[in-house]
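Student: I have a model open on my screen and would like to learn how to read it. Could you walk me through a few features?

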Amino acid sequence: MGELWILSPVLIAAGAGIILLIRSFAEHLAPVPKNGEYRSGRWVYGLAVGALLAAAVLALGAAWSGDKSVTLFYLMEDVPIFFRVDALGRWFVTLVTAVWVPVGIYSLVYMRHEGDEKRFFGFYLLLYGVLVCLDFAGNLVTMYLFYELMTLASFPLVLHNGSREAIMAALKYLFYSLCGAYLGLYGIYFLYRFCKTPAFAPGGVLGEEILAGHGGALLVVVMLMLVGFGAKAGMFPLHAWLPAAHPVAPSPASAVLSGVIVKSGVLAIIRVVYYIVGPDLLRGTWVQYAWMALTLATVFMGSLLAYREPVLKKRLAYSTVSNLSYILFGLAVLSPAGFTGALLHVAFHGIIKCGLFLTAGIFLLDGKTRVEELSGTGRRMPTVLWCYTLFSLALIGIPPASGFVSKWYLAQGALGAGLGAWGYVGTAVLLVSALLTAGYLLPVVMKGFFPGTREEGRERREPKAAMLIPLLVLAALALGMGLFPGLFTGYADAVARSVL
């Protein structure tokens with residue numbers, strides 16, 4: 001019981017979120033008088049920021065103070081709700097926190113334009129607590145429980161503005177997520193009876209008896225789980241929810257959806273393949289090749305659709321579809337370098353894409369939603385456009401920005417895994433996708449800095465500090481992680497060695 005403190009950030013974030021949600025629903029029943037709105041707003045922002053910072057500090061403290069475990073209770077006699085801080089969970093919870101805090105501060109200004117701040121911050125804090133539990137989950141059942149809770153807690157962020165488009169996109173997100181999760185649940189039913197221990201362990205925990213009489217069924221089940229959990233990560237064929245949901249959500253919600261929440265599908269796949277089944281059981285099987293084929297198809301398809309999309313937020317959503325399958329491809333090659341590249345891209349893409357969606361939100365507040373409308377933006381918002389430029393170069397993979405490092409490891413993993421033609425095809429697809437990424441991100445930079453015509457009467461109009469500072473912090477991270485990659489590659493290599 002002494003280790004229960006590792007869940008203290010969950011209690012703080014979820015408790016503050018529930019208070020805000022109760023207050024939001026109460027005000028819908030009895031609206032606050034106009035003279036009380038300002039005082040009410042200050043109370044909301046104070047509670048949201050205070051709870052978020054306290055939860056973030058406690059979450060990082062729990063993550064980096066050593067490996068710990070705690071059993072909360074038992075669902076059934078042999079099915080515990082069990083949490084354990086390990087190397088993989090530490091990596092993911094650090095990413096969640098690194099994104100959640102700056103986006104939360106950015107939201108203080110942005111959500112005044114969207115309205116219903118209490119409801120937004122209530123679900124935002126509640127979702128942070130759920131993600132911490134998901135990252136610290138120590139077995140399949142605990143992971144699945146909080147995986148589903150994460151979908152339910154993020155669903156209101158998608159439909160926040162209440163428009164018909166937002167409602168339909170949110171329902172699509174819910175339908176795809178639940179269908180994918182049920183495929184994962186089917187696999188959990190099958191795998192649980194063959195696990196030597198209910199807890200995750202690097203390299204896998206399946207007993208020898210499953211190979212004797214259930215090897216073929218195991219491969220089918222694993223493939224279903226890859227497709228199911230891949231739905232959250234936007235992998236073909238269950239990817240269509242992502243370009244529908246991201247553009248209609250408020251920009252802070254789009255940022256965390258694209259930077260963090262989609263990574264929960266990646267986390268679930270890593271846990272299944274590397275911590276339950278074991279990579280040796282899949283290497284050289286039809287499952288590995290089918291998985292690689294799906295990821296490469298998604299990489300190319302997402303990049304091509306992003307290249308053709310004129311609406312900026314939807315273009316960025318298609319980009320997420322593509323980049324998440326970079327990560328899944330690195331995992332599918334089942335090599336140490338590929339796994340290292342996948343973990344690096346989890347972190348680097350999370351920071352970069354979060355920054356891109358926050359810049360898109362600033363453009364949106366300026367009345368610009370389409371790429372062709374951003375002409376001359378560099379004159380009005382030079383700092384914002386320079387941040388966008390840095391994020392774009394990092395996502396393309398231009399050194400010394402961070403994206404180059406993860407893509408280097410992904411290419412080395414594919415070529416060094418002994419996959420024959422698959423390694424060369426995979427590397428070629430990654431290179432073509434990088435060119436397409438330049439084709440759909442850099443036109444904003446060109447139009448913004450070189451509009452081609454002189455625009456009169458366009459004074460400089462940078463956003464408020466609460467929106468600009470988080471953007472600068474994320475831009476510094478995107479560059480700094482590329483300039484000092486050894487701080488991250490060493491840790492990712494150690495995790496890769498432990499599971500392979």
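Student: Let's begin with helix α9, residues 241-248: why is it described as largely enclosed by the rest of the structure?

Tutor: Keep in mind that this is a predicted model. To judge a helix, go through its residues and ask which are buried, meaning under 20% relative accessible area. In α9, six of the eight residues are buried, so the helix is largely enclosed by the rest of the structure. The buried ones are W241, L242, P243, A245, H246 and V248.

Student: Which helices cover the buried residues of α9?

Tutor: The cover includes α5 (140-158), α6 (164-192), α10 (251-261), α13 (312-332) and α14 (336-365).

Student: How should I think about nonpolar residues?

Tutor: In soluble globular proteins, nonpolar side chains tend to be buried together. Here, the largest nonpolar core has 188 residues, and W100, V266, I270 and L331 have the most contacts inside it. Helix α14 gives the most to this core, with 16 residues. Take V266 as an example: beyond the residues up to four places away in sequence, V266 touches F92, A233, L324, I327, L328, L331 and V346.

Student: Now a single position: is V99 buried or exposed?

Tutor: V99 has a relative accessibility of 0%, so it counts as buried. This residue sits in helix α3, residues 87-114. Setting aside neighbours within four places in sequence, V99 contacts Y124, V256, V260, G350, I351 and C354.

Student: How far is V99 from G355 in space?

Tutor: Their C-alpha atoms are 9.2 Å apart, although 256 residues separate the two along the chain.

Student: What about a polar residue, such as S402? Which backbone atom lies 2.9 Å from a polar atom of its side chain?

Tutor: That is the backbone oxygen of A478. S402 belongs to helix α17, residues 402-415, and is buried, with a relative accessible area of 0%. Apart from residues up to four places away in sequence, S402 touches F348, I352, A394, A478, M481 and G482.

Student: And where is there a nonpolar patch on the surface?

Tutor: Look at L72, F73, L75 and M76, which together have about 390 Å² of accessible area. L75 lies in strand β1, residues 68-76. With a relative accessibility of 47%, L75 counts as partly exposed, because that class lies between the 20% limit for buried and the 50% limit for exposed.

Methods. Residues numbered from 1 in each chain as written. Predicted model: local features only at pLDDT ≥ 70, side-chain atom pairs only at ≥ 80, totals over all residues. Heavy atoms only, no water. Helix = DSSP H or I, 4+ residues; strand = E, 2+ residues; numbered from the N terminus. Buried < 20%, exposed > 50% of the residue type's maximum accessible area, 1.4 Å probe, protein only. Polar contact = N/O pair within 3.5 Å; in protein donor to acceptor, adjacent residues only side chain to side chain. Contact = heavy atoms within 4.5 Å. Core = buried A, V, L, I, M, F, W, Y, C linked by side-chain atoms within 4.5 Å. Patch = residues over 30% accessible without salt bridge, like charges linked within 9 Å, V, L, I, M, F, W, Y side chains within 5 Å. Areas by Shrake-Rupley, 256 points an atom, 1.4 Å probe, with all protein chains shown as cover. Salt bridge = Lys/Arg side-chain N within 4 Å of Asp/Glu carboxyl O.
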